[in-house]
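Subject: Structure for your review

Dear colleague,

Please find below the structure that I am handing over to you. I would be grateful if you would look through it alongside the notes that follow.

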Amino acid sequence: EVHFRARKKFVNQPVGIRDIKAKHIGKLIVVRGILTRASLVQPLLHIATYTCDKCGHENYQEINSRDFMPLHECTSEICQNIKGEQPGKLHLQTRGSKFFKYQELKLQELPDHVPIGHVPRSITIRAVGETTRKCSPGDLTTVHAVFLPTPYSGWQGMRAGLIADTYLHAMHVKQEKKNYTDYELNEELVEEINKFASEGNVYDKMAKSLAPEIFGHQDIKKALLLMMVGGA
């Protein structure tokens with residue numbers, strides 16, 4: 001299992017979810033946003049093991065997509081050399097198969113990246129193996145991933161035609177902020193805090209910074225601010 005990470009200069013300039021275009025398909029990009037949904041970690045079949053009911057030979061099938069056609073006939077020399085009889089039937093053995101950890105995530109763009117009057121956009125992220133269980137809903141998350149298309153299958157594919165859905169295949173998932181105790185105060189940050197406090201009108205400025213895309217409703221914003229900082 002091999003994972004890649006982008007260079008530092010790309011980490012400092014992540015691609016906005018709204019700015020992901022067709023030119024990014026097949027490329028490693030860095031995306032930062034708020035995780036809104038994380039599914040349960042489930043087993044994803046990677047190598048299927050089948051046992052023949054006639055000769056007992058084990059057959060293996062490598063699976064590289066979420067949809068696959070299981071094997072039905074044994075491919076061993078014993079079954080293939082039997083004249084006048086059909087090869088033995090295969091039965092899937094879950095104990096001998098290999099599974100990967102699989103989790104689907106939903107990443108939403110940051111509030112300051114959403115134009116006024118627009119709805120925040122989201123994108124699906126598929127995490128496999130060690131990239132699972134790295135963050136929880138509500139966390140500010142940075143994801144190094146490959147932007148890939150996923151074609152529809154079955155009757156959905158017939159209706160969609162050449163249209164394909166897209167997703168991000170996670171290579172590295174980093175939780176930017178676990179809790180407020182993880183912040184490290186440096187001289188620059190302390191200087192900004194002191195400058196902000198000396199300007200006055202701190203209460204009103206902090207209330208206006210809540211949901212700036214929503215005009216007015218100052219009383220509601222002040223109430224929400226007091227609930228956030230007061231522990232209510």
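I begin with Cys55, which is partly exposed because its relative accessible area is 25%, a value between the 20% limit for buried and the 50% limit for exposed. Please bear in mind that this is a predicted model. Cys79, by contrast, is buried, with a relative accessible area of 1%. Do these two residues form a bond or stay unbonded? The sulfur of Cys79 lies 3.5 Å from that of Cys55, the closest cysteine sulfur, and this is too far for a bond, because a disulfide requires the two sulfur atoms to be within 2.5 Å. The count of disulfides in the structure is zero, and Cys55 accordingly takes part in none.

The overall architecture is as follows. The chain contains six helices and eight strands. Followed along the sequence, these elements are arranged in the pattern α-β-β-β-α-β-β-β-β-α-β-α-α-α. The chain has 232 residues, of which 28% count as buried. Its accessible surface amounts to about 16,500 Å², and carbon and sulfur atoms account for 55% of that area. If one takes the contacts between residues at least 6 apart in sequence, 61% of them join residues at least 24 apart.

Salt bridges were examined next. How many does a search of the whole structure find? The search finds five, and three of them are described here, one after another.

One of them joins Arg18 to Glu109, whose closest N and O atoms are 2.6 Å apart. This pair links distant parts of the chain, with the two positions 91 residues apart in numbering. Arg18 sits in the loop between helix H1 (8–11) and strand S1 (28–38), whereas Glu109 sits in the loop between strand S5 (98–108) and strand S6 (122–128). Both Arg18 and Glu109 are buried.

Another salt bridge pairs Arg32 with Glu176, and here the closest N and O atoms are 4.0 Å apart. Arg32 belongs to strand S1 and Glu176 to the loop between strand S8 (164–175) and H4, so this pair ties together parts of the chain that are 144 residues apart in sequence. Glu176 has a relative accessible area of 34% and is therefore partly exposed.

A further salt bridge is formed by Lys205 and Glu199, with 3.0 Å between the closest N and O atoms. Lys205 counts as partly exposed because its relative accessibility is 35%. Glu199 also counts as partly exposed, at 47% relative accessibility.

Finally, I draw your attention to helix H4, which covers residues 187–198 and so comprises 12 residues. From its first C-alpha to its last, H4 reaches 16 Å, close to the 16 Å expected at 1.5 Å a residue. Just after H4, Gly200 adopts a positive phi of about 80°. Within the helix lies Phe196. Is Phe196 buried, partly exposed or exposed? With a relative accessibility of 32%, Phe196 counts as partly exposed. Leaving aside residues up to four places away in sequence, Phe196 touches Val202, Lys205 and Met206. Lys205 thus appears twice in these notes, as a contact of Phe196 and as the salt-bridge partner of Glu199.

Yours sincerely,

A colleague

Notes:
Residues numbered from 1 in each chain as written. Predicted model: local features only at pLDDT ≥ 70, side-chain atom pairs only at ≥ 80, totals over all residues. Heavy atoms only, no water. Helix = DSSP H or I, 4+ residues; strand = E, 2+ residues; numbered from the N terminus. Expected span 1.5 Å × (residues − 1). Buried < 20%, exposed > 50% of the residue type's maximum accessible area, 1.4 Å probe, protein only. Contact = heavy atoms within 4.5 Å. Areas by Shrake-Rupley, 256 points an atom, 1.4 Å probe, with all protein chains shown as cover. Salt bridge = Lys/Arg side-chain N within 4 Å of Asp/Glu carboxyl O.
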